[in-house]
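This report looks at ring pairing, helix packing, enclosed space and backbone geometry in a single protein chain. The sequence and the coordinates are shown first, and the discussion follows.

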Amino acid sequence: MNQTATGAVPDAVFDAARGGDTETLRAALDGGVPADARNDAGDSLLMLAAYHCRAQAADLLLVRGADPNVANAKGQQPLAGVCWKGALDIARALVEHGAQVNGSGSGMTPLMLAAMCGHREVVALLLEHGADPTRRSTKGLSARDLAANIKAQPVLDLLDAAIAARAGR
């Protein structure tokens, strides 16, 4: 059992989010489980659904009011995990529900994570929604630096265009 402000939440609810079991998740939400319930590691239901690329579960939680910016105990937010994995559909849903595209709870922004993994479509989505391509990680690296490390030319092209646009060129 995990504790929330409204009481204990059975582990099965967190397992449902992680596994994409929308029927169990819907029943739990209908029964009063808060959409932002967290487990002992601080992971919200949305974090678990998003990180495990369970789009329908993530959509259900967002529609039911889950906060896309709730960070876990490590400072990680759902958008960061989704960008690292390249789950475009979930990244889009999170952004459309207010996820902070420049959040950097773990020292790297979602844009940096998508760039370092070569996820061009996710990089494009983040840039379209205001992600700052000039930000630097706690280690001093930009999204461009991270994309260059893996020789992700399509991502580099997007980032170069975004950086030039910001500079007014």
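## Basis of the description

Helices here are DSSP runs of type H or I with at least four residues, and they are numbered from the N terminus. The model is predicted, and the local features discussed below need a pLDDT of at least 70.

## An aromatic pair with a lysine over one ring

The structure holds one aromatic pair. Its members are Tyr-51 and Trp-84, whose ring centres lie 6.3 Å apart with the planes at 10°, and the pair is therefore classed as stacked, given that planes under 30 degrees apart count as such. Because Tyr-51 belongs to helix H3 (residues 45–51) and Trp-84 to helix H5 (residues 78–85), the pair ties together parts that are 33 residues apart in sequence.

Both rings belong to partly exposed residues, with a relative accessible area of 31% for Tyr-51 and of 41% for Trp-84. The face of Tyr-51 also has Lys-85 lying over it, at 4.1 Å from the ring centre.

## Helix H5 and its packing

H5 is mostly covered, since six of its eight residues are buried, namely Pro-78, Leu-79, Ala-80, Gly-81, Val-82 and Cys-83. These buried residues of H5 pack against H3, helix H6 (88–96), helix H7 (110–116) and H8. Just after H5, the backbone at Gly-86 takes a positive phi of about 85°.

## Pocket and cavity

The largest pocket holds about 270 Å³ of space. Of the 15 residues that line this pocket, Met-47, Tyr-51, Asn-72, Gln-76 and Gly-81 are the closest to its centre. H3 and H5 each supply at least two residues of the pocket lining, and the lining divides by class into seven nonpolar, six polar and two charged residues. Tyr-51 thus appears both in the stacked pair and among the residues closest to the pocket centre.

Where is space fully enclosed, and how much of it is there? The count comes to one cavity of 30 Å³ or more, and the largest cavity contains about 50 Å³ of space. Its lining includes Gly-75, Gln-76, Gln-77, Leu-79 and Ala-80, together with Gly-103, Ser-104, Gly-105, Ser-106, Met-108 and Pro-110. By class, four of the residues lining the largest cavity are nonpolar and seven are polar, while no charged residues take part. Gln-76 is named in the lining of the cavity and is also one of the residues closest to the centre of the largest pocket.

## A buried serine in a loop

Ser-137 sits in the loop between helix H8 (120–128) and helix H9 (143–149), where it is buried, with a relative accessible area of 9%. Leaving aside neighbours within four places in sequence, Ser-137 is in contact with Gly-107, Met-108 and Met-112. Of these contacts, Met-108 is also listed in the lining of the largest cavity.

## Positive phi outside glycine

Most residues other than glycine have a negative phi. Cys-53, although not a glycine, has a positive phi of about 55°; Cys-53 is found in the loop between H3 and helix H4 (55–63) and is partly exposed, with a relative accessible area of 37%.

Lys-151 likewise is not a glycine and has a positive phi of about 55°. Lys-151 is placed in the loop between H9 and helix H10 (153–166), and at 72% relative accessibility Lys-151 counts as exposed.

How values were computed: Residues are numbered from 1 along each chain as its sequence is written. This is a predicted model: local features need pLDDT of at least 70, side-chain atom pairs count only at pLDDT 80 or more; totals for chains, interfaces and linings use all residues. Side-chain values use heavy atoms; hydrogens and water are left out. Rings of Phe, Tyr and Trp (its six-membered ring) pair if their centres lie within 6.5 Å; planes under 30 degrees apart count as stacked, over 60 as edge-to-face and the rest as tilted. Buried means under 20% relative accessible area, exposed over 50%, partly exposed in between (1.4 Å probe, protein chains only). A charge sits over a ring if NZ of Lys or CZ of Arg is within 6 Å of the ring centre and within 35 degrees of the ring normal. Contact means heavy atoms within 4.5 Å. On a 1 Å grid over the protein atoms alone, a cavity is a set of points where a 1.4 Å probe fits but cannot get out, and a pocket is an open set with protein on both sides within 12 Å along at least five of seven lines; lining residues have an atom within 4 Å of a point. Grid points are joined across faces, edges and corners, and a volume is the space filled by probe spheres set on the points. Ala, Val, Leu, Ile, Met, Phe, Trp, Tyr, Cys and Pro count as nonpolar, Asp, Glu, Lys and Arg as charged, and the others, Gly among them, as polar.
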